[in-house]
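Student: Could you go through this protein with me and show how each label is earned?
Tutor: Gladly! Let's look at the picture together.
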Amino acid sequence: MVAAGHPLTAHAGAEALARGGNAVDAAVAAAFAAAVAETPLTGPGAGGFLLVRAPDGEATLYDFFVAAPGLGPDGRALDPRELSSFTVPFGGADQVFHIGPASVAVPGLVPGVCRAVARHGRLPLPDLVAPAARIARDGVRVTQVSAYLHKILEDMLGSTPACAAMYQPLGRAARPGEVLRFPDLADTLEEIGRRGESALRDGPLADALLDCMERDGGLVTREDLEAYEVADRTPLRVGYRDTTILTNPPPSSGGILIAAALSALQAAPRPGSDTDLYRACAAAGAQANLLRSSPLMEQMHDEGFIERFWAQLAAGMSRKPVGSTTHVSAIDADGGMASLSSSCGSGSGVVVPGTGILLNNMMGEEDLNPGGFGRIHPGTRMTSMMAPTMVLRGDAPVVALGSAGSNRLRSAILQVVTAIVDLGLDIPAAVARPRIHPEAGALDVEGGVPEEAVAALVADGYAPRRWDALNLFFGGVSAVGAGGSGLRAAGDPRRGGGAAGVTRDGEVVAL
């Protein structure tokens with residue numbers, strides 16, 4: 001089974017399974033399809049992470065998130081004045097994003113997924129890009145959810161003529177029912193299928209990217225592309241109740257903050273009801289927020305950080321104050337699992353001419369530049385909230401999941417995991433369950449949270465900011481797993497997500 005942020009994405013992953021591929025093949029085929037069906041959230045100009053667990057239990061985290069640019073004799077540091085900005089109106093909470101050529105960091109998605117396929121996959125890379133290229137040429141019909149996304153990103157998508165031509169061919173944000181086609185991106189995907197990991201390191205795609213950077217004032221240099229390396233990391237392990245959680249280790253911060261919240265929950269009485277779980281997750285999320293603002297988080301690149309992190313949790317965290325994404329999860333018949341998160345941020349508005357590649361804006365994401373813009377040393381792997389995650393019970397897989405949603409993705413993952421482990425919900429119910437998110441002293445409460453739970457949160461001292469309905473502000477979880485009734489999967493309804501599977505007869509079916 002495969003779960004993703006769009007039915008076409010999930011179907012492409014299931015096609016790989018039907019052709020004899022494993023969970024890694026499925027996740028990568030789906031990620032390529034997401035570059036089309038879920039653009040502008042992800043694509044060849046993005047970065048991300050892939051958590052792989054083989055059927056024998058061996059687990060690896062592939063870190064192919066973006067790096068700060070500026071290496072080489074022609075490299076230069078970011079001047080914050082080079083960034084332009086726009087505001088995303090989520091309704092209940094606005095968010096400012098910074099874009100433009102200078103906001104582009106060194107992308108890593110292409111070498112990352114190609115490395116994973118070379119090591120774990122069963123299918124040739126051209127076969128994995130083929131569904132995505134087909135979707136790009138045939139076109140993607142805009143849904144209500146994607147139209148909402150295009151509307152709130154309207155300023156970015158129209159910020160340059162090349163970006164507007166690709167995403168706003170009628171001179172405005174795309175509307176439900178309209179079809180967007182990406183022929184240049186189809187050609188690019190096929191080129192990636194032919195060249196593999198080196199596609200954006202040298203050759204015509206790399207040359208086009210560098211020409212674009214030089215012409216428009218971007219910071220990415222040839223030395224940046226040549227020096228970029230996919231990092232193999234040992235997943236962070238966290239014990240929770242009778243399960244083991246595998247998630248993203250440092251230098252990314254999302255997994256660490258989820259671990260901190262789970263540790264706070266573990267130390268408290270086990271929630272006995274839905275209301276109890278909302279209260280516990282609000283308190284645990286607020287506790288993790290304190291860690292996020294502590295000096296310890298500035299040391300994530302340092303040796304021995306994990307040991308200091310666990311020591312600080314054991315000692316108790318002080319109560320004094322001291323990136324848009326998409327996700328794919330896959331499980332195969334052998335019990336192998338893959339959890340892949342990728343992101344272009346909000347998108348930079350810069351499209352590499354002739355390629356259909358929208359570049360990321362990670363150098364302009366405030367959450368990824370906590371010390372201020374322009375302070376990250378060239379070549380440094382940037383931190384991220386993305387946290388592909390797996391839950392195991394003994395050696396048996398329970399669920400592989402991850403989420404979109406910038407800062408909110410860690411709350412989304414935490415609440416889906418605890419709904420499964422503490423409340424015993426199945427995967428679709430856990431993904432659909434309304435969410436909360438504590439941040440900066442506020443508590444956002446999604447539409448559908450029971451009134452009893454809201455009243456209890458108010459009694460706990462929170463002043464909730466109420467939302468009328470489910471909203472992609474609260475993340476977009478894609479989850480697959482195994483249970484007593486067999487395999488289960490769910491794409492998040494907040495993102496118009498979908499799931500697909502392969503029957504014993506080899507038929508691909510929507511779930």
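Tutor: We begin with a word we need at once: contact means heavy atoms within 4.5 Å. Keep in mind that this is a predicted model.

Student: Which residues does Arg115 contact, leaving aside its neighbours within four places in sequence?
Tutor: They are Tyr62, Glu197, Glu229, Val230 and Asp232. Each of them counts because it has heavy atoms within 4.5 Å of Arg115. Arg115 itself is found in helix H3, residues 109-120.

Student: Why is Arg115 called buried?
Tutor: The relative accessible area of Arg115 is 14%. Buried means under 20%, so Arg115 is buried.

Student: How many residues of strand S12 are buried?
Tutor: In S12, residues 337-343, 7 of its 7 residues are buried, and the strand is described as mostly covered. Met337, Ser339, Ser341 and Ser343 point one way, while Ala338, Leu340 and Ser342 point the other way. This fits a general pattern: in a regular strand the side chains alternate between the two faces of the sheet.

Student: What makes S12 a paired strand, and which strands join it?
Tutor: Two strands pair if there are at least two bridges between them. Strand S2 (residues 47-53) is joined to S12 by 7 bridges, so these strands pair, and they run antiparallel. One of the bridges links Val52 with Ala338 of S12. Strand S11 (residues 326-331) has 6 bridges to S12, so this is a pair too, again in the antiparallel sense. Here Ser329 has Ser339 as its bridge partner. In the hairpin of S11 and S12 there are 5 residues between the strands, and Gly335 takes a positive phi near 90°.

Student: Why are S9 and S21 said to stand at the edges of their sheet?
Tutor: The order in that open sheet of 6 strands is S9-S10-S15-S16-S20-S21, with antiparallel pairing. Strand S9 (236-240) and strand S21 (486-491) each have a single partner strand, so one side of each is left without a neighbour in the sheet. Neighbouring strands of this sheet are turned by 15° against each other on average, direction ignored.

Student: How do you know that S20 and S21 pair?
Tutor: Strand S20 (residues 476-483) shares 6 bridges with S21, and at least two are needed, so they pair. Val480, for example, has Ala489 in S21 as its bridge partner. Helix H14 (residues 408-421) packs on the sheet, touching S9, S10, S15, S16 and S20. The direction of H14 makes about 155° with that of S16.

Student: What is the strand order in the sheet with mixed pairing?
Tutor: The order is S17-S18-S19, in an open sheet of 3 strands. Strand S17 (436-439) and strand S19 (464-466) are the edge strands, since each pairs on one side only. Strand S18 (residues 442-445) is joined to S19 by 3 bridges, and these two run parallel. Helix H16 (residues 451-459) lies across S17, S18 and S19, at about 150° to S19.

Student: And how many helices and strands does the protein have?
Tutor: There are 16 helices and 23 strands.

Student: What makes the protein as compact as a globular protein of that length?
Tutor: The radius of gyration is 21 Å, close to the 24 Å that the globule rule gives for 511 residues, so the protein is as compact as a globular protein of that length. Of the 511 residues, 60% count as buried.

Notes:
Residues numbered from 1 in each chain as written. Predicted model: local features only at pLDDT ≥ 70, side-chain atom pairs only at ≥ 80, totals over all residues. Heavy atoms only, no water. Helix = DSSP H or I, 4+ residues; strand = E, 2+ residues; numbered from the N terminus. Buried < 20%, exposed > 50% of the residue type's maximum accessible area, 1.4 Å probe, protein only. Axes fitted to C-alpha atoms, helices over the stretch in contact; angles between N-to-C directions. Rg over C-alpha atoms; globule rule 2.2 N^0.38 Å.
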